[in-house]
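Trainee: I am new to this structure and would like a close look at a single part of it, the largest nonpolar core. Could you take me through that part slowly and then place it in its surroundings?

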Amino acid sequence: MIGPIVERREVLALGSLALILTGGGLAWWRLFGRRRGREHVRLEEVYGQVERVRGRDRAAATAGEALAVGDLLQTGADGRAVIGFGEGGRVVLKPEGRVEVLAAEERLVRLELEEGTVEATLRPDDAELGILAAGREFLSGDGNFLLSRRPGAQPADPLDDIVGLQVLSGQVASREPDGPVGITGADGRQIWIAGQPAEGPLSESLLLAVSWPDTRTRAGTVPVRGRTEPGARVRVHAPGGVQEVTAGVDGQFVVEVALLEGGNRLEVEVLGVMGGGERAEGAVERDTKAPAVSVQIRDR
């Protein structure tokens, strides 16, 4: 992958935290301290367009093939891949995603999520799963969770990415280099934007509250403000085109919209970090024409 990520992997690999999380049977030192072994990861199901990259070799992925350390899976817009490990561990790579195998042992599987969304399902007393996403490590040994990653404001910098975690059952530990360990339990949601935890509203239903401008104006542009899930994509559709921004760590957003003369139908569309979307509609009329003035001249 990219240089900074490789450096972070090495830093993490050298760290031995000796942290054991009771209840889920998670041993952080096992994620970073154990050396790589034989391949124990397999591709169980393939749907739509899925490509497997191994070194310089690119090929259509096929169900049943073993995955080796260094293999990369990439799904297209209609693609989905199910990665299996242990006795019943599964990671589903959803459409338009990329994941690389970093370690594949009998009791430990480690992946890197480069883009997209995965859903992991783990069984007790089976292999543990660690996933690296934008420099942050996620570890679980029991339960079901969703992890999402997409480019942030500066796509060239992986550390600027937006990462979202939703735990459906069990617990997930997370840590970035030299940072504290955080635990997210069942029904918990976390979002990080450029490494910073979100401050805005996080809930199962995607929030969208829009503050519309005045319905009538002479101005050429108007601000459309609102609040939604932190890190969500916000698109404002107007007669003059579509503009897109990313909601901040507090969930706030503002978009300056250019208006045409006459009626302007506006639509705000948001796409959450973990998926799901909401829409809201408004309208603004721009009137720059001077009002008609009548002059009467009386005969003397």
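**The largest nonpolar core and its surroundings**

Mentor: Before the core itself, a word on the whole: this is a predicted model, and its chain has two helices and 26 strands. Of the 300 residues in the chain, 45% are buried, and the accessible surface comes to about 15000 Å², with 47% of that surface belonging to carbon and sulfur atoms. Among the contacts in the chain with a separation of 6 or more, 55% are made by residues 24 or more positions apart.

The part you ask about, the largest nonpolar core, has 33 residues, and the members that touch the most other members are Leu-73, Leu-129, Phe-145 and Leu-147. Two or more residues come from each of the elements β3 (41-47), β8 (80-85), β9 (89-93), β10 (98-104), β11 (108-122), β12 (128-133), β14 (143-150) and β15 (162-175). Of these, β11 gives the most, with six residues.

Leu-129 is a good place to pause, and if we set aside residues up to four places away in sequence, its contacts include Phe-85, Val-91, Val-109 and Leu-111. Ala-120, Leu-122, Phe-138, Leu-139, Ser-140 and Phe-145 are also touched by Leu-129.

From Phe-138, one of those contacts of Leu-129, we can follow a further link, for a search of the whole structure finds one aromatic pair. The ring centres of Phe-138 and Trp-192 are 5.6 Å apart and their planes stand at 65°, so the pair is edge-to-face. It links distant parts of the chain, since Phe-138 is in strand β13 (residues 136-140) and Trp-192 is in strand β17 (residues 189-193), 54 residues apart. Both Phe-138 and Trp-192 are buried.

Strand β3, which is among the elements that give residues to the core, also holds Glu-45. With a relative accessible area of 24%, Glu-45 is partly exposed, because it is not under the 20% that buried requires. Apart from neighbours within four places in sequence, Glu-45 is in contact with Ala-63, Arg-80, Ala-81, Val-82 and Arg-90. The C-alpha atoms of Glu-45 and Glu-65, which are 20 residues apart along the chain, are separated by 9.7 Å.

Beyond this core there is a second, separate core of 15 residues, which includes Leu-206, Val-224, Leu-259 and Val-270. Elsewhere in the chain, an open sheet of three strands has the order β19-β21-β24, with antiparallel pairing. Its edge strands, each pairing on one side only, are β19 (208-211) and β24 (252-258), and the twist averages 25° from one strand to the next. Strand β21 (residues 221-228) runs antiparallel to β24 and is joined to it by seven bridges, and Gly-226 stands opposite Phe-253 in β24.

As a last stop, strand β26 (residues 277-286) contains Glu-285, which counts as partly exposed at 34% relative accessibility. Leaving out residues up to four places away in sequence, Glu-285 touches Thr-215, Arg-216, Thr-217, Gly-262 and Gly-263. The C-alpha atoms of Glu-285 and Glu-261 are separated by 7.4 Å, although these residues are 24 apart along the chain.

Key. Residues are numbered from 1 along each chain as its sequence is written. This is a predicted model: local features need pLDDT of at least 70, side-chain atom pairs count only at pLDDT 80 or more; totals for chains, interfaces and linings use all residues. Side-chain values use heavy atoms; hydrogens and water are left out. Two strands pair if DSSP finds at least two bridges between them. Helices (H or I, at least four residues) and strands (E, at least two) are DSSP runs, numbered from the N terminus. Axes are lines fitted to C-alpha atoms, for helices over the stretch in contact, and angles run from 0 to 180 degrees between N-to-C directions. Buried means under 20% relative accessible area, exposed over 50%, partly exposed in between (1.4 Å probe, protein chains only). Contact means heavy atoms within 4.5 Å. Accessible areas come from the Shrake-Rupley method with a 1.4 Å probe; for residues, only the protein chains shown count as cover. Rings of Phe, Tyr and Trp (its six-membered ring) pair if their centres lie within 6.5 Å; planes under 30 degrees apart count as stacked, over 60 as edge-to-face and the rest as tilted. A nonpolar core is a set of buried Ala, Val, Leu, Ile, Met, Phe, Trp, Tyr and Cys residues joined through side-chain atoms within 4.5 Å.
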